[in-house]
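Open the model in your viewer and keep the sequence panel visible. The tour goes from one selection to the next.

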Amino acid sequence: MLLPTRPDLDELIHRPGKIALLVDALGAEGVDSAAVLAGSGLAPAALLDAATRVSLRQLLAVHANALRLAPEPGFALRTGLRTRITHFGLYGYALLASATARQAIDFALRYRALASPLIGLAFEHRHGAGEAVWVFDDPLGLGHDSALRRFVVELQLGTLLAVHRDLLGAALLPRRVRLRDAAPAHAALLRKLLGCPVAFGESADELCFDAAWLDHPLAFASPVNAELARRSCDELLAEMEHAKHTREAAAPEGVAARVAALLLASPGRFPDAATVAERLGLHERSLRRRLRAEGRSFQALRDEVRCTLARDYLRDTQLSTEDIAAALGFGDAANFRHAFKRWTGESPGAVRRRGA
């Protein structure tokens, strides 16, 4: 059964660098790459192919797997801190070649789409406080109570700090970090790894630095190379826009596609119809009415997503039935087996033995 698609999540326009980073980091912990890639439709060899392009939905699927497979609570932040600016290709080289940190920030924001963003970023120079502040938001609607969003935020915090250190020196520390979430069990570890005070239960997610470094000259500044890299990045953005418009013309989006994309981005904690409607800017009754007009229902879409993910887990991983049940939000393995038999007419064991 095919899932509906959502153009802005399913456009194959992003490079797989972030996925490769997670595969490598979990591989170092003994996690098989097939388990990390389950549900993404990607094979490990594709990550080594310069022509590979991935979608935001594939990125979300792999991040959701990494959240579930992470060996310890600080995994996301540690992995982000291991990121090097060269992981971002031409986009990263353009940042390195910028004259000052302020110019690098301007470039980073203008060409942000090239970094395969799962988290929105805005920058503020708060002159009164003497702070340079990155403000995170949630453009994909993962939800502020979502474990996946928290994982992505911690990964982004580490990545931003690592990139700043590549530009300005390894000794650079933030002034402070503010996070919306309540303090987790690994709060002390977050403070230690970030090297600054971290406040929880705040009104925003923010990474704050001393504004004094904004006009700091960068060690690898090169106006000629910065311009060459900028031109190449313009070409990449044009390629992405062309792919986007081509897909939109071929496959206009319906509300069922948007619902399926939100559900697929939240495995293990599937939002209910009211939450999905809110994220789409609709009343729940309007959502259900529009789905009926497309011949769909919310429950059927949720079952399709669960069934698709279950098949991927059974085919591509060695996860036990109990682990798959938990990953799909079932209370126990018996309920999962019953649901899977209802969806497919087969048992999970039969599908795993057949490998399809």
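Of the 77 residues in the largest nonpolar core, which touch the most other members? Select Ile 19, Tyr 91, Leu 95 and Leu 157: these four touch the most other members of that core. Now add helix H8, residues 147-168, which gives the most to this core, with 10 residues. In soluble globular proteins, nonpolar side chains tend to be buried together.

Stay with Tyr 91 for a moment. Apart from its neighbours within four places in sequence, Tyr 91 is in contact with Phe 107, Ala 108, Tyr 111, Arg 112, Leu 114, Ala 115 and Cys 233. Next, move to a second core, separate from the largest one, which has 34 residues. Select Ala 310, Ala 325, Leu 328 and Trp 343, which are among its members.

**Confidence**

This is a predicted model, so colour it by pLDDT, the predictor's confidence in each residue. The protein averages 86, and 92% of the residues score at least 70. Select residues 1-7, where the pLDDT is below 50. In the model this stretch has 27 contacts beyond near neighbours in sequence. Where pLDDT is low, the predicted coordinates should not be read in detail.

**A strand and its partners**

Select strand S5, residues 205-210. Is it mostly covered or mostly uncovered? Strand S5 is mostly covered, with five of its six residues buried. Add strand S2, residues 131-137: S2 and S5 pair in the antiparallel sense over six bridges. Here Val 133 stands opposite Cys 208 of S5. Then add strand S3, residues 176-178, which also pairs with S5 in the antiparallel sense, over three bridges. Look for Arg 178, whose bridge partner in S5 is Glu 206.

**Cysteines**

How many disulfides does the structure hold? The count is zero. Cys 208 is in no disulfide, and the nearest cysteine sulfur, that of Cys 196, is 8.4 Å away. Why does Cys 208 count as buried? Its relative accessible area is 0%, and buried means under 20%. Select Cys 307 as well: it is buried because its relative accessible area is 13%, again under 20%.

**Last stop: a loop**

Select Leu 12, in the loop between helix H1 (7-10) and helix H2 (17-27). Draw a distance from its C-alpha to that of Asp 24: the two residues are 12 apart in sequence and 22 Å apart in space. Not counting residues up to four places away in sequence, Leu 12 touches Arg 53, Val 54, Ser 55 and Gln 58.

Conventions:
Residues are numbered from 1 along each chain as its sequence is written. This is a predicted model: local features need pLDDT of at least 70, side-chain atom pairs count only at pLDDT 80 or more; totals for chains, interfaces and linings use all residues. Side-chain values use heavy atoms; hydrogens and water are left out. Buried means under 20% relative accessible area, exposed over 50%, partly exposed in between (1.4 Å probe, protein chains only). Helices (H or I, at least four residues) and strands (E, at least two) are DSSP runs, numbered from the N terminus. Two strands pair if DSSP finds at least two bridges between them. A disulfide is a pair of cysteine sulfur atoms within 2.5 Å. pLDDT is the predictor's confidence in each residue, from 0 to 100. Contact means heavy atoms within 4.5 Å. A nonpolar core is a set of buried Ala, Val, Leu, Ile, Met, Phe, Trp, Tyr and Cys residues joined through side-chain atoms within 4.5 Å.
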